[in-house]
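Please read this briefing with the structure open beside it. The notes are grouped by topic and can be taken in any order.

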Amino acid sequence: MYKVNFVIQRSVISLLVMVVWVGCGEEDLGGVAKVMGTLPAIGSQIDSEGVLVITFDDSSNVEKGIITVTVHERGFLENGPSLPLVDNQATINYSGLVSGKVTVFIVSWKNTAGTVGTVKASFQVNEKKLVEEVEVRPPPGMVLIPKGVSSFLVGVDVNAFYMDKYEVTVGQFKKFVNRTGYEYNRWGVVSVYSPTDRHPMIELSWRDATAYCEWAGKRLPTEAEWEYAARGGLVDKIYSWGDDESVARDYANCEGIGGKDQWDQSTALVGSLKPNGYGLFDMSGNVWEWCQDWYDGGKDIRVLRGGSWANGTNRLHVPYRFFNTLNNRYFNSGFRCVSGLN
């Protein structure tokens with residue numbers, strides 16, 4: 001009797017241990033996620049920049065709902081490399097892929113089961129895109145300004161164009177004068193407020209600026225182009241950097257000193273302060289910049305924009321307009337060039 005009881009007791013204990021072990025195993029197992037497809041489909045052609053969407057069967061099986069993406073070959077992930085899954089999908093914004101090459105996106109994640117999943121998605125990068133990219137590469141020292149709508153005159157369509165990253169410097173204008181024999185005799189005034197070749201050229205009339213532009217194969221911007229570029233992609237903001245006047249001297253050499261602005265009685269070296277959203281320097285302050293347009297329909301005065309080192313922040317408002325006569329040279333007036341269709 002004792003022997004039978006012992007055998008039964010031992011069997012019950014073994015069964016309990018087995019149940020506990022199996023239960024623990026099922027709880028730790030977790031799930032395994034699978035990639036159901038991509039858009040565009042794997043193996044198809046893609047552009048050198050665009051969007052790739054990866055769809056999973058069940059994102060709850062992906063630990064923390066996060067995947068990691070890397071690119072084999074040259075390329076950039078603009079919102080990676082770690083990406084969240086939303087509604088079982090990951091959206092990858094990419095750019096800079098090598099045209100004409102095969103690019104592989106390597107997607108990896110950790111399953112809740114403890115295993116690691118990996119998928120390699122290969123695509124042929126379109127060769128046509130390479131030609132387009134070469135065509136829109138900006139000339140040296142210039143920035144591509146995309147087409148859009150300028151806030152000037154309550155909305156003016158603006159075609160894409162190139163604009164000088166910096167205001168035309170003293171050194172550049174000297175080269176123009178030396179090579180063309182252009183008559184200019186105000187170097188004494190220039191040396192007081194713009195003492196080096198890397199300072200912006202000043203003491204210029206509208207005719208002086210136009211002559212330089214023609215020599216350089218460029219032109220002055222229209223008011224609509226200037227205002228559109230000055231905003232740097234921002235909409236309805238007071239300044240070229242936004243609405244916060246307290247950071248003005250990080251972006252603009254204007255009246256007084258503070259922040260990055262350490263020039264009280266002169267221009268600053270071009271590019272000394274922060275650029276706007278399009279990568280343009282000194283669109284506010286430093287020197288007034290000539291534009292193509294007549295001022296309010298007049299036939300003897302032209303428009304200036306942007307304010308200068310001698311002006312307060314009220315003159316740095318993007319819409320603020322100033323003017324001068326065609327032949328008048330002023331100690332705080334300069335310019336920059338653009339190229340492209342009007």
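The points below go through strands, helices, core, spaces, cysteines and backbone.

The model is predicted. Five of its strands form an open sheet, and its largest nonpolar core holds 23 residues. The search for disulfides finds zero in the whole structure.

**The five-stranded sheet**

- The strand order in this open sheet is S2-S9-S8-S4-S6, and the pairing is mixed.
- Strand S2 (45–46) and strand S6 (82–84) are the edge strands; each has a single partner strand, so one side of each has no neighbour in the sheet.
- Strand S8 (residues 102–110) and strand S9 (residues 116–125) run antiparallel and are joined by nine bridges.
- Within this pair, valine 104 is opposite serine 122 of S9.
- As a general rule, side chains in a regular strand alternate between the two faces of the sheet.

**Strands that pair with S7**

- Strand S7 covers residues 89–95.
- Strand S3 (residues 50–56) runs antiparallel to S7, with six bridges between them.
- Isoleucine 54 faces alanine 90 of S7 across this pairing.
- Strand S5 (residues 76–77) is also antiparallel to S7, and two bridges join these strands.
- Here phenylalanine 76 is opposite serine 95 of S7.

**Helix H6**

- Helix H6 takes in residues 223–231, and nine of its nine residues are buried.
- The buried residues of H6 include charged ones by class, among them Glu223, Glu225, Glu227 and Arg231.
- Trp226 and Tyr228 of H6 are buried too.
- Glycine 232 comes after H6 and has a positive phi, near 60 degrees.

**The largest nonpolar core**

- Which residues touch the most other members of the core? They are Phe173, Tyr184, Met201, Tyr212, Leu220, Trp290 and Phe335.
- Helix H3 (170–180), helix H5 (206–215) and strand S14 (288–294) each contribute at least two residues to this core.
- H5 supplies the largest share, five residues.

**The largest pocket**

- The largest pocket holds about 240 Å³ of space.
- Its lining has 15 residues, and those closest to the centre are Pro140, Asp164, Gln172, Tyr212 and Lys218.
- Tyr212 is thus listed for the pocket and also for the core.
- H3 and H5 each give at least two residues to the pocket lining, and H3 gives the most, with three residues.
- By class, six lining residues are nonpolar, three are polar and six are charged.

**The cavity**

- How many cavities of 30 Å³ or more does the whole structure have? The search finds one.
- The largest cavity contains about 30 Å³ of space.
- Its lining consists of Ser240, Tyr251, Lys274, Pro275, Asn276, Leu280, Asp282, Met283 and Ser284.
- Four of these lining residues are nonpolar, three are polar and two are charged.

**Cysteines**

- Cysteine 213 is in no disulfide; the nearest cysteine sulfur belongs to cysteine 337 and is 3.4 Å away.
- A disulfide requires two cysteine sulfur atoms within 2.5 Å, so a distance of 3.4 Å does not qualify.
- Is cysteine 213 buried or exposed? Cysteine 213 counts as buried because its relative accessibility is 1%, and buried means under 20%.
- Cysteine 291 is likewise buried, with a relative accessible area of 0%.

**Backbone features**

- Most residues other than glycine have a negative phi, and most peptide bonds are trans.
- The peptide bond between leucine 39 and proline 40 is cis, with omega about 0 degrees.
- Proline 40 sits in the loop between strand S1 (35–39) and S2.
- Aspartate 87 has a positive phi, near 55 degrees, and is not a glycine.
- The loop between S6 and S7 holds aspartate 87, which is exposed at 69% relative accessibility.
- Glutamate 203 also has a positive phi, about 55 degrees.
- Glutamate 203 is in the loop between helix H4 (187–193) and H5.
- In contrast to aspartate 87, which is exposed, glutamate 203 is buried at 3% relative accessibility.

Conventions. Residues are numbered from 1 along each chain as its sequence is written. This is a predicted model: local features need pLDDT of at least 70, side-chain atom pairs count only at pLDDT 80 or more; totals for chains, interfaces and linings use all residues. Side-chain values use heavy atoms; hydrogens and water are left out. Buried means under 20% relative accessible area, exposed over 50%, partly exposed in between (1.4 Å probe, protein chains only). On a 1 Å grid over the protein atoms alone, a cavity is a set of points where a 1.4 Å probe fits but cannot get out, and a pocket is an open set with protein on both sides within 12 Å along at least five of seven lines; lining residues have an atom within 4 Å of a point. Grid points are joined across faces, edges and corners, and a volume is the space filled by probe spheres set on the points. Helices (H or I, at least four residues) and strands (E, at least two) are DSSP runs, numbered from the N terminus. Two strands pair if DSSP finds at least two bridges between them. A nonpolar core is a set of buried Ala, Val, Leu, Ile, Met, Phe, Trp, Tyr and Cys residues joined through side-chain atoms within 4.5 Å.
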